[in-house]
Amino acid sequence: MTTSPLWYLRRLSRMGPREVGGRVADTVRRRRWRSALPDSPAVTGARFTAVLPAGALDGVPAGAAKRLVAEADRLMAGHAEFFGVVRDDLLDPDWWFDPKTGRRAPWGYAFDVPYRNEEAVGDIKQIWEPSRHQYLTVLAAAYAVTGNERYAERVAEHLRLWWAANAPLRGVHWISGIELGIRLLSWVWVRRLLDGWPGAAGLFEDNPVARNQIWHHQRWLAAFPSRGSSANNHVIAEAAGQFAAACAFDWFPSSARWRVDALRSLERQLRGNTFGSGLNRELATEYHGLVLELGLAAVAEADAAGVPVPTTVRLVLLRMTDALAAVVDNRLRPPRQGDADDGHGLVVDGPGTDRWASLLATGDAVFGRLDWWPEVGGTDVRTPLLAALLRPYANRETDAKRGTVARPAARPDHFADAGMTILRGPEEIWCRCDGGPHGFLAIAAHAHADALSVEVRHDGVDVLADPGTYCYHGQPEWRKYFRSTLGHNTLELDGGDQSASGGPFLWTRHARSRVLVADTSGAEVSRWSAEHDGYRGSVHRRRVELTAATKELRVVDEVRGPRRAVRLAFHLGPTVTADLVGNWAMLTWTRDGEERSAVLDLPGRLSWRTHRAESSPALGWYSPGFGRKEPATTLVGTGFTDGTDTGADGFTTVLRFGD
């Protein structure tokens, strides 16, 4: 997919004067850098002192260590999987090759590489992901846990290969700041985890090639921060990586300045990217996790280096952790809201490690759990390592006024600023209702057209599911579907989305939602109601009620305005089967070997059909992770609104769970 001139015009229209000025300056700087690549400054006496405290590795659970070593052995054999694509070429990686399309990114000046053009470059995510070097942090962690030097030797071999093949400002790995930031954070942890291996200093601080790469990465990040309408999770990854490197690799004349500037940016952007309630403003749960991981890793570097951190940074991370504890279901799964690309800030664990349990375990170690938090066992490698570096929040002298910061006394169910409400019922019924803003900043890059959508689970099983994301680049029809209104459990009018898309990461018109009722206080009935104005000339209002005694979820959709064509979609989870007769569907699934069921009583005014694994157009799919999709059943009802100003003749859907 080639980015069109029209996209650039639309993108420009979403920028303010300050952002436009900054991007013009960036363009001038890129042209100047093309012919003026400086040498990194000479360094003598460089040392790495940000090591793990003695005994830190003793806290790694045996099960987590076993998973880690198993994954490290798989990597040692050359096997890996990135976004659903299995690779067997990691013994001697081609850093610019995309195995998904078979294409190889062109060589040349970094800013000339058309990375958005899949025909010229390949799938850029497939190319970038291995070069985040998070598979190397896994190998380095395996060395730290086992002492087996073959893991360390493979890490050293691959780093030297990468540094030789990717000279500063040459090729596809010098284009995106988030990639440089996360890669720097990986290098910091690789060096830390390899401490004790005889070759560690020769690989890093005593190696002029390594020092040159580290210096140029930091110089790049200082020059080209994400700006304005792009200042989302990317700018936090850039600041966190820059700050971590300036703390741990403080070998250069500019290190102190880079450290101060990166910390200032991190503090400002963490506050800007986070609602007061603690939820991430992008309203994309995976990015809540990414930002929280990056923030915790950055503060760990500060504490390891003895660098004071503004109290506001820890407070934001505290609120984010409490918010995560509040929104997860009984199986510790958070909402599947907005975009998700499986991005992580720091990886030192093997597959099968629960990301969200890991974050809550770290939060418990650093901030202390509240009584209403869900129970989380110690099951990962990362938590004891981060906890060994992070100073416990309660013991910080600079947080003496902590008593003025009120943490929730009971589990929050409604997050007014984010427009998210969680309804909970018996037998672990969990329902997320969405009445929040359409994403973050002017372009809302990671938002979906999902206003008033619901997501329903029973004991952690997706019953009414958010289908996910699947892809970003190169497959425009799939990208369009997975973020469309029809691709969510909500109501569509006249075959169009509630918000207007200007491209794969650009929305030019945003539906405005407002929550009217959010009452989760009743023991018997929880209620939620909201409306949005995304369809010009009409208002869609939705009411949701969860009745505990009958285990019944009632959804009522009303449309005020002229008569319009309507499609109402309900996406079932991939393990749920549906037997549809007229407007009545029997849903069945299995959980832990036990058969479960529910009845979905659909609006009789609409004509209902099941859809599964359709591609022309796309319908009936579920994406369990980035780059992966699997068939799922979608129920779609078609018809017309009543064309009144009251919307009194609404569409009522009732979901009843069986005993």
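Select Q126 and show everything around it. Leaving out residues up to four places away in sequence, Q126 touches F82, F83, V85, R87, D98, P99 and K100. Keep in mind that this is a predicted model. Colour by secondary structure and you will find Q126 in helix 5, residues 124–128. Is Q126 buried or exposed? Its relative accessibility is 1%, so Q126 counts as buried.

**Helix 11**

Next, select residues 233–248, which form helix 11. Put a distance between its end C-alpha atoms: they are 22 Å apart. That agrees with expectation, because 16 residues at 1.5 Å a residue should span 22 Å. Now switch on a surface for the rest of the model. Of the 16 residues in helix 11, 15 are buried, so the helix is largely enclosed by the rest of the structure.

**Helix 11 against helix 13**

Keep helix 11 and add residues 285–305, helix 13. The two axes come within 9 Å and cross at roughly 20 degrees. Helix 11 and helix 13 are therefore roughly parallel to each other. The crossing of helix 11 past helix 13 is left-handed. Which residues make the contact? On the helix 11 side, show N233, I236, A237, A240, F243, A244, C247 and A248. On the helix 13 side, show Y287, L290, V291, L294, A298, E301, A302 and A305. Colour this contact by class: 14 residues are nonpolar, 1 is polar and 1 is charged.

**Helix 11 against helix 10**

Hide helix 13 and bring in helix 10, residues 208–223. Helix 10 packs on helix 11 at an angle of about 140 degrees, and their axes are 10 Å apart. That angle makes helix 10 oblique to helix 11. Here too the crossing is left-handed, with helix 10 passing helix 11. Pick Q218, L221 and A222 in helix 10; they meet E238, Q242, A245 and A246 in helix 11. By class, this contact divides into 4 nonpolar, 2 polar and 1 charged residues.

**Helix 8 against helix 16**

Clear the view. Select residues 177–193 for helix 8 and residues 382–389 for helix 16. At what angle do they pack? The angle is about 90 degrees, with the axes 14 Å apart. Helix 8 is therefore roughly perpendicular to helix 16. Show side chains for W189, R192 and L193 on helix 8, and for L385, L386 and L389 on helix 16, since these residues make the contact. The class count is 5 nonpolar, no polar and 1 charged.

**Two strand residues**

Move on to T547. It sits in strand 15, residues 539–547. With a relative accessibility of 19%, T547 counts as buried; the cut-off for buried is under 20%. Beyond its neighbours within four places in sequence, T547 is in contact with E524, V525 and E552.

Last stop: W584, in strand 19, residues 584–591. The relative accessible area of W584 is 37%, so this residue is partly exposed. Setting aside neighbours within four places in sequence, show the contacts of W584: D579, V599 and L600. Then draw a C-alpha to C-alpha distance from W584 to D601. What does it read? W584 and D601 are 4.9 Å apart in space, though 17 residues apart in sequence.

Conventions
Residues are numbered from 1 along each chain as its sequence is written. This is a predicted model: local features need pLDDT of at least 70, side-chain atom pairs count only at pLDDT 80 or more; totals for chains, interfaces and linings use all residues. Side-chain values use heavy atoms; hydrogens and water are left out. Axes are lines fitted to C-alpha atoms, for helices over the stretch in contact, and angles run from 0 to 180 degrees between N-to-C directions. Helices (H or I, at least four residues) and strands (E, at least two) are DSSP runs, numbered from the N terminus. Angles under 35 degrees count as roughly parallel, over 145 as roughly antiparallel, 65 to 115 as roughly perpendicular and the rest as oblique. A crossing is left-handed if the near helix is turned anticlockwise from the far one by less than a right angle, and right-handed if clockwise. Contact means heavy atoms within 4.5 Å. Ala, Val, Leu, Ile, Met, Phe, Trp, Tyr, Cys and Pro count as nonpolar, Asp, Glu, Lys and Arg as charged, and the others, Gly among them, as polar. Buried means under 20% relative accessible area, exposed over 50%, partly exposed in between (1.4 Å probe, protein chains only). The expected span of a helix is 1.5 Å times one less than its number of residues.
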